[in-house]
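Student: Please take one part of this model and look at it closely, starting with the surface that concerns you most and following it into its surroundings. I would like the cut-offs stated wherever a term depends on them.

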2 protein chains.
Amino acid sequence: MNIGEAAKRTGLPAKTIRYYEDIGLVVPSGRRENNYRDYGEQDVHLLQFVARARSLGFSVENCRELLSLYRDQHRASADVKALAEARIRDIEQKIRELEAMKATLQDLVARCHGDDRPDCPILSDLAHDTLQETACCAGASEGRPR
Amino acid sequence: MNIGEAAKRTGLPAKTIRYYEDIGLVVPSGRRENNYRDYGEQDVHLLQFVARARSLGFSVENCRELLSLYRDQHRASADVKALAEARIRDIEQKIRELEAMKATLQDLVARCHGDDRPDCPILSDLAHDTLQETACCAGASEGRPR
DNA sequence: CTTGACCTTCCAGTCGCTGGAAGCTCCATC
DNA sequence: GATGGAGCTTCCAGCGACTGGAAGGTCAAG
């Protein structure tokens, strides 16, 4: 099948599919006599595999590893599990960072009257608080005037 | 002061400070006779402002807006509040996506025995589940064989 | 006078695509 | 057979927010 059909079947843009070929992630079996890429069921299958892994936040390099484990009949499932667990740890870390940002912003927003007066605790905070080297912004509630 | 000192004071790499000048975000007052950038207290202050806003996840373009609001004596605090609230919504969206990924991965990990046998539910899932067009991967618990 | 730290500029690379230009192929319609 | 439009090809450039490195100028200490 042509790349357009493969795109429809996988939900990936044709551009992305070509890109995956460029970087050697999923390479279609061959070309037709008109030089069009030719995708078989197996290619579509692998592209779907990648699409799903990407949607779970695995990097392209992770996907390469996962694909190679997938193709390896003798892989140990522990290797795959380790990748997934590392990914979970990344996600948890990211969530913690975002929660910290959110808490700070919510605090700032709560203290801002948000009308047409120029006085604004949010700007005051950004201007005066020096940032701690923790997850993001530990205290953030002391917006004292300079 | 030299860029190195400004870097120390703001916690930003000198490279980044030069970059911010390049894109016109924070431009130091002038140069010394030896062509070195010269940063004053106010410059450091603005760089700290940007550093803090960035640490709260505001984009560089957001920072540009925040700086211009900060410099505008007649701004309405509502404008700032709106930016912060939009940022909170972005963060919440991102957190939801990450939570969905995490849940799916945790489910997969739980079902993977993780030993040296090749059989692996994680790979099976990646290989066979087609992804829903929702937040990320709605069901993800039905790894049925094709 | 040399060494080494610090500063300058400029260019390239990161990651994962995405857009666009220029040109070829295919199929349907006139 | 000509024409038009969709779909395919390649290649190059750009996104955001830096980061690394090369090549060279400047400064202070020994």
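Tutor: On the surface near DNA strand D, the largest share, three residues, comes from α2(B), where helices (H or I, at least four residues) and strands (E, at least two) are DSSP runs numbered from the N terminus. This is a predicted model, in which local features need pLDDT of at least 70 and side-chain atom pairs count only at pLDDT 80 or more, while totals for chains, interfaces and linings use all residues. Residues are numbered from 1 along each chain as its sequence is written, and chains are lettered from A and ligands numbered from 1 in the order in which they are written.

In total, 17 residues surround DNA strand D, and the closest are Asn2(A), Gly4(A), Arg37(A), Asn34(B) and Ser59(B); a residue counts as near when its C-beta atom, placed from the backbone, lies within 6 Å of the molecule or strand. Two or more residues of this surface are given by each of α1 (3-10) and α2 (14-22) of chain A, and by each of α2 (14-22) and α4 (60-71) of chain B. Its make-up is six nonpolar, six polar and five charged residues, with Ala, Val, Leu, Ile, Met, Phe, Trp, Tyr, Cys and Pro taken as nonpolar, Asp, Glu, Lys and Arg as charged, and the others, Gly among them, as polar.

DNA strand C is surrounded by 18 residues, the closest being Asn34(A), Ser59(A), Asn2(B), Gly4(B) and Arg37(B). Here the elements that give two or more residues are α2 and α4 (60-71) of chain A and α1 (3-10) and α2 of chain B, and by class the surface near DNA strand C has six nonpolar, six polar and six charged residues.

For residues 1-69 of chain A, an unreviewed UniProt entry carries the annotation "domain: HTH merR-type"; such positions are given in the numbering used here, feature names are shortened, and annotations may be inferred rather than shown by experiment. Over this span the chain is 61% helix and 6% strand, with the end C-alpha atoms 26 Å apart.

One helix pair to examine is α1(A) and α3 (residues 41-55) of chain A, which pack at an angle of about 45° with their axes 9 Å apart; axes are lines fitted to C-alpha atoms, for helices over the stretch in contact, and angles run from 0 to 180 degrees between N-to-C directions. The two helices, α1(A) and α3(A), are therefore oblique to each other, given that angles under 35 degrees count as roughly parallel, over 145 as roughly antiparallel, 65 to 115 as roughly perpendicular and the rest as oblique. Their crossing is right-handed, meaning that the near helix is turned clockwise from the far one by less than a right angle, whereas an anticlockwise turn is left-handed. In this packing, Ala6(A), Arg9(A) and Thr10(A) of α1(A) meet Asp43(A), Val44(A), Leu47(A), Gln48(A) and Ala51(A) of α3(A), where two residues are in contact if their C-beta atoms, placed from the backbone, lie within 7 Å. By class, the contact of α1(A) with α3(A) has four nonpolar, two polar and two charged residues.

Between the chains, helix α5 (residues 77-111) of chain A and α5(B) have axes that come within 9 Å and cross at roughly 155°. That makes α5(A) roughly antiparallel to α5(B), and their crossing is left-handed.
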